[in-house]
Amino acid sequence: EARADEGKGASRRLRRLEGKMPAVIYGGGQPAQSLTLIRKDFEYMLENEACFSSILEVNVGGESQNAIIKDIQRHPAKGFPMHADFLRVRMDQAIKVNVPLHFVNEEQCAGVKLGGGMIQKQATDIEVQCLPKDLPEYLEVDMLAVELGQIVHLSDIALPDGVTSTALELGEDHDLAIASVIAPRGTKEADEDIEETEGDEVGGDGDADAPAADDAGDGGED
């Protein structure tokens, strides 16, 4: 539904009394429009991973608009969605979307089955650019032939026709690691890696105990 009442007070009333949540849809050369969603229905949709990399049909007052989920602000402690941003898309214009990675053949992985290693994942999704019609729900990362000590990079992922990696478009220096097979702790290889890491940390700048940045906030409310 379209939403007229805005502000923090109105948003709190929606969540507390009506089981709803605020949202906004913007982009596509049109003005931003405030929306109201039924929270339990939105949460149900979020259970399907594909909703994050799919073109959604947002129906407001009988008018249908193609859009993608651009951002979700969640409660910092309880994790439920508090606000959603939808970005309108045009079917003839390329979009940038984060697509989830599905790792396959993990148990049959050569480095695990034959080398006794463990798979370490450095990423769970990657950003791609494509026309809306070419947007994949997910991308597969085949771990079958990955050996102990080997690293899987962005460039190793097979992308469908019409889909490009935004990172790789920036050059070879951005061919980031996606996953690797490492030796388990307690082995000679693992101990050598740990010793090397500890040796590098000795000459640090003294910030090892600095607290990490806390980005768990809810992103604010409208």
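The following conversation goes through the strands, pockets and salt bridges of a predicted model.

User: What should I know about the conventions before we start?

Analyst: The model is predicted, so local features need pLDDT of at least 70 and side-chain atom pairs count only at pLDDT 80 or more, while totals for chains, interfaces and linings use all residues. Residues are numbered from 1 along each chain as its sequence is written, and side-chain values use heavy atoms, with hydrogens and water left out.

User: How are the helices and strands defined?

Analyst: Both are DSSP runs numbered from the N terminus: helices are H or I with at least four residues, and strands are E with at least two.

User: Which strands make up the open sheet, and in what order?

Analyst: Four strands form the open sheet, in the order β9-β6-β8-β11, with mixed pairing. Two strands are said to pair if DSSP finds at least two bridges between them. At the edges are β9 (139–142) and β11 (164–165), each of which pairs on one side only.

User: In what sense do β6 and β9 pair?

Analyst: They pair in the parallel sense, over four bridges. Within that region, H102 has E140 of β9 as its bridge partner.

User: Moving to β5, how many of its residues are buried?

Analyst: Seven of the eight residues of β5 (residues 81–88) are buried, and the strand is mostly covered. Buried means under 20% relative accessible area, exposed means over 50%, and partly exposed lies in between, using a 1.4 Å probe and protein chains only.

User: What are the pairings of β5 with β1 and β4?

Analyst: Strand β1 (residues 20–27) pairs with β5 in the parallel sense over four bridges, and A23 stands opposite A84 in β5. The pairing of β4 with β5 is antiparallel, over seven bridges, and D71 has D85 in β5 as its bridge partner. The hairpin of β4 and β5 has six residues between the strands, and G79 there takes a positive phi near 85°.

User: Which residue that is not a glycine has a positive phi?

Analyst: N105 does, with a phi of about 60°. Most residues other than glycine have a negative phi. N105 is placed in the loop between β6 (95–104) and α3 (110–113), and its relative accessible area of 31% makes it partly exposed.

User: Now the pockets. How much space lies in the largest one?

Analyst: About 350 Å³ lies in the largest pocket. Of the 15 residues lining this pocket, T36, L37, I38, F42 and F86 are the closest to its centre. The elements giving two or more residues to the lining are β2 (30–38), α2 (39–46) and β3 (56–60), and β3 has the largest share, with five residues.

User: How is a pocket found, and how is its volume obtained?

Analyst: On a 1 Å grid over the protein atoms alone, a pocket is an open set of points where a 1.4 Å probe fits, with protein on both sides within 12 Å along at least five of seven lines; lining residues have an atom within 4 Å of a point. Grid points are joined across faces, edges and corners, and the volume is the space filled by probe spheres set on the points.

User: What about the second largest pocket: how much space, and how many lining residues?

Analyst: The second largest pocket holds about 300 Å³ of space. Its lining has 14 residues, with F52, I69, K70, V97 and N98 nearest the centre. The elements that give two or more residues here are β4 (63–74), β6 and β8 (125–130), and the largest share, five residues, comes from β4.

User: How many salt bridges does a search of the whole structure find?

Analyst: It finds six. A salt bridge is a side-chain nitrogen of Lys or Arg within 4 Å of a carboxyl oxygen of Asp or Glu.

User: Where does the K20 and E1 pair sit in the chain?

Analyst: The side chains of K20 and E1 meet at 3.7 Å, N to O. K20 lies in strand β1 and E1 in the segment before α1 (8–17), so the pair ties together parts that are 19 residues apart in sequence.

User: Which of K20 and E1 is buried and which is exposed?

Analyst: K20 is buried, at 19% relative accessible area, whereas E1 counts as exposed, at 58%.

User: And what does E106 pair with?

Analyst: E106 forms a salt bridge with K121 (3.3 Å, N to O). This pair links distant parts of the chain, 15 residues apart: E106 is in the loop between β6 and α3, and K121 is in strand β7 (residues 118–121).
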